[in-house]
Amino acid sequence: MGSNDVLSDTDGSDAVRRVSRRNLLKRAGAAAAFTAVGPLVAACGSSKSTTSTTTGSERSTTGTSSASATSTAGAQIRELLGLPSGKAAAQGITVPVGASMALSGAVAIYGHLDYTAIKLAAEHIKQAGGPELHVQARNNELANAQKGVANAREWGGSGVPVVLSSGSATVFSELPYYSQFKMMGLEPGGATKLGEGKPFFYQTRSEIPNDQLTGISAYLKAKHPAFKKVVMVGLAYSPASDKLQEEAVKQTAASSGWSYLGSFFAPVTTTDYSSLISQIQSAKPDFVLCAIYGASVGVFLKQYATSGLKAPIIGFDYTPEASKVAGSAISGYQFAFDYFDASKPPNEWAKLFVAEYERAYGEEPTYYSANYYEATFLIWQMIREIVAKSGDPTKQGNAYVEALTANPKFPSVYGSGGKYGTKEISPTTHSLVRVPMVYCEVNSEGKVQVLATFNKGSNSEFKLV
Amino acid sequence: MSFWVNVLNEALITVIFAVSVNVILGVAGQLSVASVGLGGIGGYFAAYLSAKHGVAFAPALAVGTSAAFLAGLALGVPALRLSQEYVILLTLAFGIVVTAVIEAIPALEGTNGLIGIHTVSLGGPLRTPGELFRLVALITAGCLLFCWRLSSSPFGRVLRGIRDDSDATQSVGKNVIAFKILTFAWTAAVAGVAGVTLVYYNEIASPSSFNFATMTTVVAAVVVGGIASLSGAFAGAIVLTFIGPFLEKVVNIAPESATLWQLVIYGVLLVGVMRVRPEGLIPEGAWGSWVSRLAAYHHIPGERLAVEFASAPVTVLADQGGSPRAAATAADRTAVPSVRPPTTNSTLPGAAAFAPQRSERGRGDPHGGEAHGPGRAGALRPEANSQVAAVAATGLVKHFGGIVAVQDLSLELATGKVTALVGPNGAGKTTVFNLLTGRIRPDAGRVRLHGREVTGMPPHRIAALGMVRSFQDVRTLERLSLLDNVALGVLNQPGERMLNLFFAPWTVRSGERTARERSMRCLEYVGLAHRAHDLAGGLGYGDRKLLAVARLLATGGDVLLIDEPAAGIDRANLEPVLRVVERLRADGKTVCLVEHNLDVVARLSDHVLFMEEGRITEEGTMSEITQDKRLAQVYFGHV
Amino acid sequence: MSASEFFQAIVDALVLGSLSGMLSAGFGLILGVTGRFHFAFATTFACSAYVAIALVGAEMPLYLAILVGVLCAVVLGVAIEWLFYRPLVRKTRHALLGVFVTSLGIVIVGENVIQLLAGSSDENLNVGYTVSRISFGGGVGVTTLDLVTFGVSVLIIAGLWAFIRFARYGRAIRAVQENPSMAQAVGINPALVAIVVFAVASAISGLGAILLTQRGAASPSAGLQPTLTALVVAFLAGLRSSPLRFAVAAVLVALLQQLCLLAIGAVWTPVLTFGILFVYIALSPLLNMHRLPGMPRLRLRPAPGG
């Protein structure tokens, strides 16, 4: 079975090592030597990224370890992105950056993915002749409002001008403090319509599920014109977001000529999807839109696969975790969103990023890592903008918002062809107006194949691959 | 700096939750874990009013607190009749329902939380942790004061009584139900205040602030601190809140694994504290005992005297009144030679300070008018009342399922006499006590006390009318001092009313002094005054029986039902108990004993009722009963 | 809700309910016999799953790995009782709450130690056979995994019932359950009984973890939700009642949950299920059930010597 594959494809036989490894998708034995010492390193408490030689020995890492990045990477990136150097690059300035993420609890995996990328980006920026980003990582358990408030207050009180955040519940708890302290909050991990237009707060991802649905609609029209009947299944996060997703699907159904059969939700804490499967069974749709995220996708697919139902599942999310949990049941799963395909990096900057990330951490970067990586570069872009206008990027205030409004386009590791892709943020919705996305399918070996690319909005630039 | 001020504020808000849990769980012994959920109700009411309707802080606080109060009231009613494990389940379900409802109502913004709460103004807007500290500290101090007053007053003494033995507390005249409901409601209000403070402090109302995990943290804080001491709850909340941020700053390694290590250390500390100090950091009465001892020396002159007695508790002194007569009457009535009753220089404490109690009893008591001076009960003259039955029960019937425990039983307890209820095991003697004192309701039949119908009344009302009972298994409140054990029996203390606690502290103060003086005299009466400040848990079995009698005396009741005074005591410790009963008779109390030891019955009783299979089959003097041929054959064998 | 959905819900409730009935029988056994509020049931749960996953990863045969995993849970459970609960209970009056805090600490330690060793991503465990679906017609059916889950759970519940009824240690357990002081008087060692109870219950938690992981995924905190459900079911069934009652109560709770999901939707399901639970408990005294059927008092103080 696929699950067996996943567990047996790593080399060596040390049991503890297998469990300790978080990157079970990794194929080659490049990091084998490091994995063996991983648990020891972890046990000594010096690092969680057990497969890496980067042990980030300080709480606020500024990327001092040279092992995690080659000194040429910075220069390459500067060249790729066509960046200035010296004073214009804000060299010599130290900017404190808050990072709010899950460092413990059930979803600590996200904190790991985010933080590794931020560290790497900070290092690259420094090597590229940019400022020193003093990253202050704090735990928010992804949904703990109390922690969100405490972290935002700490940063606010100590003058941190910009924060990389994650998790909608914590983001919301931080919102009042973004405006109170005039501190910019960036959310590269996820975006919805609910987060639009909040003062000092910007989302740098596609909006789930509205943005994806255009691509899905276009793909099905091109490839499966017979697919008409649709249901959506999801986890009930909150009435507002559930409704948002339902409405988006209804609208797309209307504009695409689908017949919408309904939306079914399971409790967010569940590990059992039998009610959803039973509802799909009686609705008999042609395809199922799946608003389940993270590892839960894998659990759902695992249970769906045994139900004998054949309607394809098209989701808005895919992580290696889902694949690991689902085993062979992942086969045939399709998804559409701003997925980062690390096996085939879409542009030159992305290639460099993947290589550097693998070198540093011994695992392929996921889309979370890619998002936080480029968002950290967005911070540098804003800093340069501020410096150019002789502002002070180390201070809270309106400078960051003005910088972003003045230059809302920023380079991205997403977007195919050329040196780098581009994302663009709207000064009114504070959300992306341009974001390169892909439509993919996972095959029986757990490999992701890109079937189409598209972009946000009415001019979706939809292209079959 | 603002980092630590923020932690301090969070800690103080946790303190409010903790003291609320402390009172309901630690002091009143109701295993309620609803506080955090109740805080959620208060918090969300206030947040909604502020964010959606622009209501100011003070009215929002009032509404939030009231909402929590009402919810607590509503929760208290079903919790009353549940055993403790179901109180846990009920309140656990309550908490989960609260967060689930919050997450399900669209207007409350689900898991994202409700933002847009207006900033509080207190001489300028309060936004930073430093500015908000003033508000949080003020509110926390208020809540602490409230809970301290509640738990360290006579009100709190009743709660501790309920915690340790609800039945015993009710049997000495406390309306247990009212106390429980009030406590549920007021601790809910405190939790509501905490919830409102929290949402205003955070500027967001989020379900994650009021979920199961928060609840476990608060309960852990209370247990770690010391479950029944307010200072313990305070310490626990502070320690548990500070430990995370402290570790965050001290365990200064890569943040990813540092967080996990911090949590591991946190968990190890929880386990470790419980292992090393299972009673918590500050156990109940850790410093309270010497504080109250100090206070006692200060306020009550009588106590100094009492402590001087310590070396000779049963010294025989010249008695002022009852004793010679008692000795004489005792000699008249029984063949057993009487010893001189144990006496101190005290007379039986009266009820002078507690007028309401006396007047209430007076209404139903034809002899009430004859009482004179302080201590009407003690001054009742047996010769004047001996013909009248203090208690008259007629036609009592009680079935348990198919078993008839008591059938068609009638009895009278003659005023000022000692009546003994004897009979084989399972004859229904204790059930008779339960029926007389209202602990169980008879299926048929009536009970009159001093001519007044008391059938169907709850135990605390019957106790207030003057009939109190002790229990076979004694039921001393082990975690309370002897003095508090006895003081619990004093009826209608001003300090047991919440309004008085906060609006008439002087009345409470003088009431408490009177209650303590009276309790001290009761302890002197039974010869335990020298141990007044020891915990009752340290007493021997015989002394516990004496303590139980002292508690009965404190109620001022004149009909005392004593269940097995001699059982379980060795010969050496028996004598003081018997002497006290004799003295009670001498002082004119109406006493009914259930007793198996026939020597004791013979020595103490004026009249004997013989019970078999739920009815009284013989009655008369001890010698009449023992000479009955049938009874002698069946039960007394050797006679 | 269509007819097929309704019948499928019954089938699903039987499968999920039997599993949660098994878990609650284990949790309830501990609470009923020893009075320990063993929240760290979640830790033995996770321990078993992670050990089994690690061993399967090390090429150990699946069933052997499962066996070792369950044994590890047993060792851990017994160690927790012996090293932490027992000394605590001997020293304090507030055993229930002290044990609760201790086990809370153990849960926190366990969760984070697992995360330090194994990472925070969810893990999968093989089934070991091909899962196929057996249809009953009308869109109602079960998978072979469901059947195995149901079969193992029922077997364990029945086994536990038989153990308590007929085995020597089982009878001792029942004696302690019914009257601790009497049991001690006739020479039963409560400490030993507690060890047996923890061993049995931890094995159950471990087996439940394996079954649940095969259906879903393992995560360091995966044991919390099942433990909470086990707690509710154990209280509802009556702490000292027979394991069969636990199974019935668990199936009813699962059915209620499934029907709520189908009829009113996910957001309101916890409200309704816990709301019904709340109302049921609140009304139980009024419905002339002074105590829910078969419900003796929970011992809040330790049994003498226990």
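These notebook entries follow what I looked up on the interface of chain B and chain C and on the largest cavity.

Before starting, I noted that this is a predicted model, where local features need pLDDT of at least 70, side-chain atom pairs count only at pLDDT 80 or more, and totals for chains, interfaces and linings use all residues. Residues are numbered from 1 along each chain as its sequence is written, chains are lettered from A in the order in which they are written, and side-chain values use heavy atoms, with hydrogens and water left out.

**Interface**

I looked up contacts (heavy atoms within 4.5 Å) and found 46 residues of chain B touching 52 residues of chain C. The buried area, which is the accessible area (1.4 Å probe) lost by the two parts on being put together and summed over both, is about 4,400 Å², and carbon and sulfur atoms give 78% of it. I then looked up salt bridges (a side-chain nitrogen of Lys or Arg within 4 Å of a carboxyl oxygen of Asp or Glu), and the count between chain B and chain C is zero.

**Cavity**

I next looked up the largest cavity, a set of points on a 1 Å grid over the protein atoms alone where a 1.4 Å probe fits but cannot get out. Its volume, the space filled by probe spheres set on the points, which are joined across faces, edges and corners, is about 180 Å³. Lining residues have an atom within 4 Å of a point, and of the 16 here, the closest to the centre include B:V33, B:M215 and C:F100.

Terms used
1 Å grid on protein atoms, 1.4 Å probe; cavity = no way out; pocket = protein on both sides within 12 Å on 5 of 7 lines; lining within 4 Å.
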